[in-house]
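Colleague: Got a minute to go through this one with me? I'd like to talk about a helix, then the empty space.

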Amino acid sequence: MRDPQLIKEVLEKRKNGQHLAEFEEYGLCTIYNPFWADLPHTDIFLTFMPDLLHQLHKGIFKDHLVKWCLDIIGEEELDAQFKVMPRYPGLQHFKKGIYMVKQWMGTEHKEMQHVFLGILAGAVPSQVLLVAHTILDFSYYAQLQIHTTESLDCLNNTLSVFHANKNILLELEVCEHFNIPKLHQLSHYVQSISLFGTTDGFNTELLEQLHIDFVKEAYHASNKCDYEEKMAQ
């Protein structure tokens, strides 16, 4: 995690006209008095917690890994691979492919992950398959509800293997850069877990699921006329 005092010093020097490399390296903006600067007993950077749903399942997996592989394989072929995947008890079968799914939830993302390596095998270069393997391994390690020093080492090692092989995506021109905030956040998972416990304590998936029930209850309690305003009340 970044040091708040160091960040404040970099901002102060930039305000005084100095152009430090750290200003660009840290991705800072010219906000010289951030709201957290004078908060006592607070490290603002420790408030960025792991979020399995938005950072891993929807973020790195669905929005990035699937898109990269889609650009390599092609939409039609990827969809066809999902359709012909053999049925197996406990696995969701996407009989109409993935592009007919109207609403994506965390459940659908996780079901895709169960079969994704099988989908890619033989369809992408071996190094791309390794990149996908490491992302999925990281996801599964991150979801453990009990961690040991060994499991945290595996989490770090998996991310290291990803970074060692990720440039294949640049070579295939399916990715322009890796300046992706959600990808950067993965480097802090081990520290966050060590300090605050397992990721299930910070996952927003449960709260998102409750939105479905609560919204339906509020809708059914209205007279279906101008219901959005009444639901908000």
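**Helix H3 and the voids**

Modeller: Sure. Keep in mind that this is a predicted model. H3 ends just before Gly-74, which has a positive phi, near 105°.

Colleague: What are the end C-alpha atoms of H3 doing, distance-wise?

Modeller: They are only 26 Å apart. A straight helix of 22 residues would reach 32 Å at 1.5 Å a residue.

Colleague: Where is the kink in H3 centred?

Modeller: On Gly-59. The kink is about 40°.

Colleague: And which side chain reaches a backbone nitrogen at the start of H3?

Modeller: Asp-51. One of its side-chain oxygens comes to within 3.3 Å of the backbone nitrogen of Leu-53.

Colleague: Switching to pockets. How much space lies in the largest pocket?

Modeller: About 860 Å³. Its lining has 26 residues, and Arg-2, Tyr-26, Gly-27, Phe-45 and Phe-48 lie nearest the centre. Helices H1 and H9 each give two or more residues to that lining.

Colleague: Which gives the most?

Modeller: H9, with four residues.

Colleague: What classes of residue line that pocket?

Modeller: There are 17 nonpolar, six polar and three charged.

Colleague: How many cavities of 30 Å³ or more turn up?

Modeller: Two. The largest cavity is about 60 Å³, with Phe-82, Arg-87 and Val-115 among its lining residues. The second largest is about 50 Å³.

Colleague: Which helices supply at least two residues to the lining of the second largest cavity?

Modeller: H6 and H7. The lining also includes Ile-60 and Leu-183. By class it has seven nonpolar, two polar and no charged residues.

Terms used:
Residues are numbered from 1 along each chain as its sequence is written. This is a predicted model: local features need pLDDT of at least 70, side-chain atom pairs count only at pLDDT 80 or more; totals for chains, interfaces and linings use all residues. Side-chain values use heavy atoms; hydrogens and water are left out. The expected span of a helix is 1.5 Å times one less than its number of residues. The bend at a residue is the angle between axes fitted to the seven residues ending there and the seven starting there. A polar contact is a pair of N or O atoms within 3.5 Å; within protein, one must be able to donate a hydrogen and the other to accept it, and residues adjacent in sequence count only if both atoms are side-chain atoms. On a 1 Å grid over the protein atoms alone, a cavity is a set of points where a 1.4 Å probe fits but cannot get out, and a pocket is an open set with protein on both sides within 12 Å along at least five of seven lines; lining residues have an atom within 4 Å of a point. Grid points are joined across faces, edges and corners, and a volume is the space filled by probe spheres set on the points. Ala, Val, Leu, Ile, Met, Phe, Trp, Tyr, Cys and Pro count as nonpolar, Asp, Glu, Lys and Arg as charged, and the others, Gly among them, as polar.
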